[in-house]
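Here's an informal walk through one protein chain, starting from a single residue and working outwards. Have the structure open while you read.

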Amino acid sequence: MSGLGSLLVNCAWLSGLVVAFLTIRAFEEPVRDAGSRRPVPIALAGAVILSVGMPWATSPNGQITSSGWLVLSSATVVAVILLATGVGALAALPDWGGPRRDLHALLLSLSLLGIVAGNWLIGAAGGWGQTLHWGATASLALTAALAAVEALPFLREAMPRREEPLDLTGELTRLDDLRAY
């Protein structure tokens with residue numbers, strides 16, 4: 001499980017770097033039909049950043065509990081902060097980010113999810129030499145919620161829409177005689 005976590009972290013790092021570069025470039029383009037600020041992704045991105053300060057791991061003898069600041073590498077902590085800040089910035093600044101800003105926010109949140117989930121898998125497999133604590137799971141849950149919220153606009157597009165409501169009473173008038181059925 002530790003190998004899978006390492007692979008997930010490495011893939012998330014690579015995709016996160018590419019998407020972060022594309023997102024920074026996209027901030028040069030204003031969006032013509034700017035929507036409103038989205039408070040849920042802003043709050044979830046802030047909660048992900050704060051969750052790094054929660055207890056992530058406990059020493060084998062149970063005497064020392066370390067937060068994510070100490071358990072994770074400093075580069076990983078910086079990546080979590082920057083990716084979450086990027087998602088929050090895209091939600092807070094609706095008039096910037098180009099025409100694909102929703103896609104950028106989704107990809108940033110998926111990269112963030114990959115980094116947190118990979119580190120959670122490494123910690124669950126005992127890769128840190130400590131037992132996993134509740135803060136790591138809370139961080140994983142918050143990151144998954146952020147990715148789900150960012151995926152909602154794409155799910156709404158994929159769902160078929162009815163232009164007019166279904167009128168069942170109008171359909172009954174088309175039947176000749178109800179007693180025949």
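## Starting at I115

Let's begin with the company I115 keeps: setting aside residues up to four places away in sequence, I115 touches V9, A12, W13, T76, A79, V80 and L83. Keep in mind that this is a predicted model. I115 itself lies in helix α5. With a relative accessible area of 1%, I115 sits under the 20% cut-off, so it counts as buried.

There's a long-range pairing to look at here too. I115 and G5 are 110 residues apart in sequence, yet their C-alpha atoms are 8.7 Å apart in space.

## The overall layout

Now zoom out. The protein chain has seven helices and three strands, and reading along the sequence gives you α-α-β-β-α-α-α-β-α-α. Of its 181 residues, 35% count as buried.

How do the contacts spread along the sequence? Take those between residues at least 6 apart in the protein chain: 77% of them join residues at least 24 apart.

## The nonpolar core

I115 turns up again in the largest nonpolar core, which has 26 residues. The ones with the most contacts inside this core are W56, V80, L108, L112, I115, V116 and L146. Six elements each supply at least two of the core's residues: α1, α2 (39–51), β1 (55–58), α4, α5 and α6. The largest share, seven residues, comes from α4.

L108 is another of those well-connected core residues. Not counting residues up to four places away in sequence, L108 touches V19, A20, T23, L83, G86, V87 and L90.

## H104, also in α5

Helix α5 is home to H104 as well. Is H104 buried or exposed? At 10% relative accessibility, H104 is under the 20% cut-off and therefore counts as buried. Leaving out neighbours within four places in sequence, H104 is in contact with V19, L22, T23, A26 and L90.

## The largest pocket

The largest pocket holds about 310 Å³ of space. It's lined by 17 residues, and G16, A20, L82, L83 and L108 lie nearest its centre. L108, then, belongs to the core and also to the pocket lining.

Which helices provide the lining? α1 (2–26), α4 (74–92) and α5 (101–124) each supply at least two residues. By class, you'll find 13 nonpolar residues in the lining, four polar ones and no charged ones.

## A buried salt bridge

How many salt bridges does the model have? The count comes to one, and it's formed by the side chains of R38 and E150, at 3.2 Å from N to O. This pair links distant parts of the chain: R38 is in the loop between α1 and α2, E150 is in helix α6, and 112 residues separate them. Both partners are buried. As a general point, side chains of opposite charge can pair when their charged atoms come close.

E150 deserves its own look. Helix α6, where E150 lies, covers residues 134–158. E150 counts as buried because its relative accessibility is 0%, under the 20% cut-off. Apart from residues up to four places away in sequence, E150 touches R38, P41, V87, A105, L106 and S109. V87 also appears among the contacts of L108.

Terms used
Residues are numbered from 1 along each chain as its sequence is written. This is a predicted model: local features need pLDDT of at least 70, side-chain atom pairs count only at pLDDT 80 or more; totals for chains, interfaces and linings use all residues. Side-chain values use heavy atoms; hydrogens and water are left out. On a 1 Å grid over the protein atoms alone, a cavity is a set of points where a 1.4 Å probe fits but cannot get out, and a pocket is an open set with protein on both sides within 12 Å along at least five of seven lines; lining residues have an atom within 4 Å of a point. Grid points are joined across faces, edges and corners, and a volume is the space filled by probe spheres set on the points. Helices (H or I, at least four residues) and strands (E, at least two) are DSSP runs, numbered from the N terminus. Ala, Val, Leu, Ile, Met, Phe, Trp, Tyr, Cys and Pro count as nonpolar, Asp, Glu, Lys and Arg as charged, and the others, Gly among them, as polar. Buried means under 20% relative accessible area, exposed over 50%, partly exposed in between (1.4 Å probe, protein chains only). Contact means heavy atoms within 4.5 Å. A nonpolar core is a set of buried Ala, Val, Leu, Ile, Met, Phe, Trp, Tyr and Cys residues joined through side-chain atoms within 4.5 Å. A salt bridge is a side-chain nitrogen of Lys or Arg within 4 Å of a carboxyl oxygen of Asp or Glu.
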